[in-house]
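Biologist: Please take a close look at one helical part of this model and explain how it sits within the rest of the chain. I should like each term to be given its cut-offs.

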Amino acid sequence: MGSLPPLEQEKQAGLKSLEFLSSNDKQSAYSAAELEAGHCAEGGCPCDTKAAAHSAGQSSFFQAVVNSFVLLIGLGTLSSAYAIEKAGFFGLLVLCITAAFYWIGSKLIVICMEADKSLMNYQDVGNKAFPRWGRLLITTCFYIDILGCLVGYLVSMGDTMMHIFPHPQLDILGFKGKTLFTLLAFLVILPSVWFRKLSTISYLSFWCGMSIITTIICLLVAGVKDHIGFSQDVAIFRPANVPIATGVYTFTFGATAVFPSVYKSMKNPSRFTEVMTLSFSMAALLNVIVGIIGSVMFGAMTKAQVHLNMPPALIASKVAIWATLLTPVTQFALFLSPISCELEQVMIKYLPWKAESRMTSGACIMLRTTLLIAIAMGALLFPYFANIIELIGSSVSVTLCVIFPGVFYLKLFSHKIPKSRFAGICVVIGVSALAGVAGTIVSIQDLIHK
């Protein structure tokens, strides 16, 4: 078999990241989801139906659990302590309700796919429910989610670098403080996004999940062995801050939008409900542990990324901080690839050069650099990690993962289901919409104030 064109190799890398247990974050999984959908720009590359067929039915139960679990943990998990400190221990109830609603949303999409075996992913379900605009709407929301998360990742890198190198007087070419470190993070990331062959990088994406678990272990070690202690007071209920906790947790579980791809990858998809229940339970437990431990360790001083509370001099802190810093470095190119690949397909149609020419490669590098510059501008304009994830979670993630699945399910099956189930799904949609609106308003107000 001949070698694939560069764009196809890039999509194959996204697929491999899902197949080999390394698709641990929703953005890298989106690459695989787009591939399995055969979703291409009109007039662009041919759909990868062979690759999609190859991926179907390959994952064991254990692999599916690991894939799903690692999809549900990320930098949002490290913000659980911040959510609990802000909303009080009532935030744990918010966590459980959010996890339950996201489980329901995932289940509804899977039910739709079980009823029609031709549906390969979330986009297909949206297209069947609303043929005119369903696929476009889901894909657009995916890409907005990706861009928002990448802005958050760049802000996180800048914050972490400031924590590692606390030199407030450092000035390079007139740039200082958070602006300087955000730009340095941009320069560190830049070379990685130039690669169009991501097959090697895709295997590194599993590092994200391992780094989160490593950070949590280091947090426990710092609290026990390094005598930080667990004695800070945490409120029981702060109603005014509940939208903050809602935003954090809706962001944390946002990867459930690509669970349909995990479902389709299973050898025995009938066990996917068990996969979801087990992975959600483990991810929720991890968030509970981080939330309680981090909030009682640091109290009112708890930061949006709990590893930034850890004293830099401690060995456990150094491990946690560097593990968290390296996560975006290994992930950024994979996260950006679905958008850059799509835009390149459109751009190449209008270029006078062949697709494999050096000039075309140079144009693609310029395109990817421009995308990263736009993301960096967003990070410089809104350098507030907590507000970014709250806004993305409350606006895009809850819509993708709960509201749309409920709407699509009702559109396809409202005439077949009992009235009690219809009413229950309407309640889930309504509560999610209200929580999303409240969280979005609070996040935007906070951003405007800052």
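Modeller: A residue is called buried if its relative accessible area is under 20%, exposed if that area is over 50%, and partly exposed in between, with a 1.4 Å probe and protein chains only as cover. The model is predicted, so local features need pLDDT of at least 70 and side-chain atom pairs count only at pLDDT 80 or more, whereas totals for chains, interfaces and linings use all residues. Residues are numbered from 1 along each chain as its sequence is written, and side-chain values use heavy atoms, leaving out hydrogens and water.

The part I have chosen is helix 15, which runs over residues 315-348. Helices here are DSSP runs of H or I with at least four residues, strands are runs of E with at least two, and both are numbered from the N terminus. In total the protein has 18 helices and 2 strands. Of the 34 residues of helix 15, 25 are buried, so the helix is largely enclosed by the rest of the structure. For the protein of 450 residues, the buried share is 58%.

The expected span of a helix is 1.5 Å times one less than its number of residues. For helix 15 this gives 50 Å, and the distance from its first C-alpha to its last is close to that, at 49 Å. Helix 15 nevertheless has a kink of about 45° at Ser337, shortly before the proline Pro338. Such a bend is the angle between axes fitted to the seven residues ending at a position and the seven starting there.

Helix 18 (residues 419-449) may be set beside it. Its 31 residues should span 45 Å, and its end C-alpha atoms are 45 Å apart, which agrees. The buried residues of helix 18 include Ile425, Val428, Ile429 and Ser432. Gly436, Gly439, Thr440, Ser443 and Leu447 are also buried in helix 18. An α-helix has 3.6 residues a turn, so residues three or four places apart point the same way. Among the elements that cover the buried residues of helix 18 are helix 6 (90-115), helix 12 (242-252) and helix 17 (385-413).

Finally, the contacts of the whole chain give the setting. A contact means heavy atoms within 4.5 Å. Among the contacts with a separation of 6 or more, 83% join residues 24 or more positions apart.
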